[in-house]
Amino acid sequence: MSVLARARVQVLAGNVANQIAAGEVVERPASVVKELVENAIDAGARAIRVELEDGGKTLIRVSDDGSGMDRDDAQLALQRHATSKIRTATDLIGVATFGFRGEALPAIASVSRFELETCGEGEEATRLRVTGGKLDAVEDSARQRGTTVTVRGLFYNTPARRKFLRATATETRAAVEAVTVLALTRPDVAFSLTSDGRVLLDCPAASRLIDRAHALWGGELADTLLAVSHRAGPLEVSGLVQRPAQARPAGRKGYVFVRGRPIRDPFILRAAEAGYRSTIAPGDRPSLLVFLDLPGDAVDVNVHPAKLEARFRDKFFVERVVEEAVREALGPLTAATPLSGIGGSGLGAGEFAGGISVPLELFSAQSLGPNPEPRTPPLLQVFDTYILFQTDAGVAIVDQHSAHERVLYEDVMRQLSGDGAPAQRLLLPLTLDFTPAELDAIEAHRELLTRVGYEIEPFSGRSIVVHTAPNPHPRFEAARCLQELVSDLAGGRFGGWQNRLERFAATYACRAAIKAGQTLDVSEMRQLIVRLLTATLPAHDVHGRPSMVQLPKEELERRFGRT
Ligand SMILES: Nc1ncnc2c1ncn2[C@@H]1O[C@H](COP(=O)(O)OP(=O)(O)OP(=O)(O)O)[C@@H](O)[C@H]1O
Ligand SMILES: [Mg+2]
């Protein structure tokens with residue numbers, strides 16, 4: 001027999017229910033900031049101001065110039081499940097507002113000293129005061145159209161939760177991040193955030209996402225971002241992704257938005273990273289702002305208490321299209337690093353809008369003949385390493401090794417999955433010595449080596465015989481390339497490449513490519529440029545370094561005072 005008396009089932013008093021709901025909605029000051037800013041955006045605000053004291057622990061105030069509320073609505077808004085944003089369950093499909101639960105305000109008001117001041121167009125202004133969920137006062141007020149919510153003493157009545165608040169700097173950082181994310185969803189709305197009187201964010205209304213990125217992070221990051229714009233069936237992918245050469249192992253920004261709503265989705269970010277394949281060094285993480293737009297019934301945004309997740313009807317499709325979109329953005333020559341853009345005073349963010357375009361036909365087949373067309377742009381090799389030529393939009397500078405590495409990588413990837421590369425039978429087979437570890441690596445990659453053109457046979461002891469070799473360019477040194485390639489494979493260099501085939505192709509491309517310091521004649525240069533310009537990802541080598549940079553004509557004009 002139980003020693004416990006059976007408890008009676010009772011409906012919780014409203015305020016207890018609110019506090020429990022607050023446990024899900026209000027985790028820390030940043031979550032209050034998020035909810036209040038979302039409400040301001042939903043109310044059609046053009047400018048939103050956030051003030052924090054002590055990281056939001058003492059005070060959070062969010063003011064907007066949105067629609068405001070009349071007195072009745074303001075009082076209703078503090079009741080649970082009171083919302084102006086949906087009426088029926090079907091309204092949830094494709095809901096366009098941030099809010100739809102009618103949870104946030106009552107939850108926040110139940111765990112703070114809460115004040116709401118609001119005024120609708122042409123109406124009397126109202127001030128409501130609520131303490132720990134209990135309505136204390138309904139008063140006249142004198143504010144203009146819009147709403148100001150002030151939250152003091154968050155968790156004052158739930159000490160266990162207050163104890164979990166972190167240091168002021170940590171809470172401030174989280175609140176700044178919450179506003180940053182929302183500011184990215186609406187460049188057309190002005191945002192500011194002050195913390196203990198210091199201005200931490202100041203974003204004027206702008207028309208483009210890139211301008212908002214500038215206002216939030218400055219040119220140092222914003223100037224490294226490329227625009228993405230891609231559509232596949234019902235899905236539209238847009239946003240900004242970082243040039244591969246500027247990707248770093250730490251400190252990247254990664255954001256995903258679905259139908260204008262920020263979500264956390266590591267899979268989408270990973271898919272976007274997959275789009276960088278072979279253009280970033282292993283371990284580097286590019287900054288990514290991925291915006292997905294798709295019909296409301298293809299995604300459910302109501303699957304997480306703080307709306308931080310979304311569920312797609314066809315996740316694999318979405319991931320595949322995101323990867324495609326990023327690859328497409330990195331592909332064209334516009335992805336080539338502008339000489340002036342990085343940390344400089346040059347053209348900055350707008351630069352990629354125009355981009356660089358190369359008159360490929362000028363380098364085309366007939367111009368490779370013995371009598372080039374008169375208009376073929378001259379090619380100039382400098383330092384036996386770089387090739388310069390004129391384009392429509394400026395001067396392109398190609399790194400001959402990186403460029404050739406990119407071209408070979410793409411060739412080899414095709415050859416490895418197709419018929420293999422044409423090989424040259426050596427008149428005098430080569431005999432080469434290797435260490436035991438290197439011999440193991442040769443054994444492990446025998447098939448791939450054959451496919452790129454190296455037909456190899458064990459000889460005796462530590463020696464092997466090479467019967468055929470690839471011939472990617474006239475200056476190719478077959479023995480040396482094989483030795484370097486095998487040593488890389490055995491030494492685990494290029495180790496970060498996940499895919500064995502890609503790793504082999506990248507290693508081979510790096511070792512087989514024309515090197516810096518080799519003098520090229522005009523026809524070799526021309527061939528290289530033609531092949532580079534027809535590559536899928538011409539602007540970057542397999543280590544993520546640029547293979548080409550551009551000096552825009554505008555930059556020349558600016559420097560010489562012609563504008
Ligand atoms: N800044 C504001 N300006 C105008 N109306 C507001 C503002 N903030 C809240 N409201 C009104 O109060 C209602 C309740 O807000 P609350 O945030 O609690 O719920 P919600 O936004 O509808 O849903 P959710 O809980 O998902 O955020 C809103 O539906 C809206 O009508
Ligand atoms: Mg809300």
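The dialogue below goes through a ligand site, two helices and one loop residue of a predicted model.

Me: What should I keep in mind about numbering and confidence before reading this structure?

Reply: Residues are numbered from 1 along each chain as its sequence is written, while chains are lettered from A and ligands numbered from 1 in the order in which they are written. This is a predicted model, in which local features need pLDDT of at least 70 and side-chain atom pairs count only at pLDDT 80 or more, whereas totals for chains, interfaces and linings use all residues, and side-chain values use heavy atoms, with hydrogens and water left out.

Me: Which residues come nearest to ligand 1?

Reply: A residue is near a molecule if one of its heavy atoms lies within 4 Å of it. Here 22 residues surround ligand 1, and Thr83, Ser84, Lys85, Glu103 and Lys307 come nearest. The largest share of this shell, 3 residues, comes from α4, and α2 (29-42) and α4 (104-110) each supply at least two residues; helices (H or I, at least four residues) and strands (E, at least two) are DSSP runs, numbered from the N terminus.

Me: Which oxygen contacts does ligand 1 make with the side chains of Asn39 and Lys307?

Reply: For a ligand, a polar contact is a pair of N or O atoms within 3.5 Å. An oxygen atom of ligand 1 is 2.8 Å from a side-chain N or O atom of Asn39, and an oxygen atom of the ligand is 2.7 Å from a side-chain N or O atom of Lys307. Taken alone, ligand 1 exposes 590 Å², of which the protein buries 95%, with areas from the Shrake-Rupley method and a 1.4 Å probe.

Me: Why is helix α6 described as largely enclosed?

Reply: Buried means under 20% relative accessible area, exposed over 50%, and partly exposed in between (1.4 Å probe, protein chains only). In α6, 14 of the 18 residues are buried, so the helix is largely enclosed by the rest of the structure.

Me: Which elements do the buried residues of α15 pack against?

Reply: Contact means heavy atoms within 4.5 Å. The buried residues of α15, among them Cys481, Leu485 and Leu489, pack against β20 (423-433), α13 (436-444), α14 (446-452), β21 (455-458), β22 (463-470) and α16. Just after α15, Gly492 takes a positive phi of about 70 degrees.

Me: Is Gln518 buried or exposed?

Reply: Gln518, in the loop between α16 (500-512) and α17 (522-533), is buried, with a relative accessible area of 17%. Leaving aside neighbours within four places in sequence, Gln518 is in contact with Gln381, Asp384, Gln400, His473 and Arg475.

Technical notes: A polar contact is a pair of N or O atoms within 3.5 Å; within protein, one must be able to donate a hydrogen and the other to accept it, and residues adjacent in sequence count only if both atoms are side-chain atoms.
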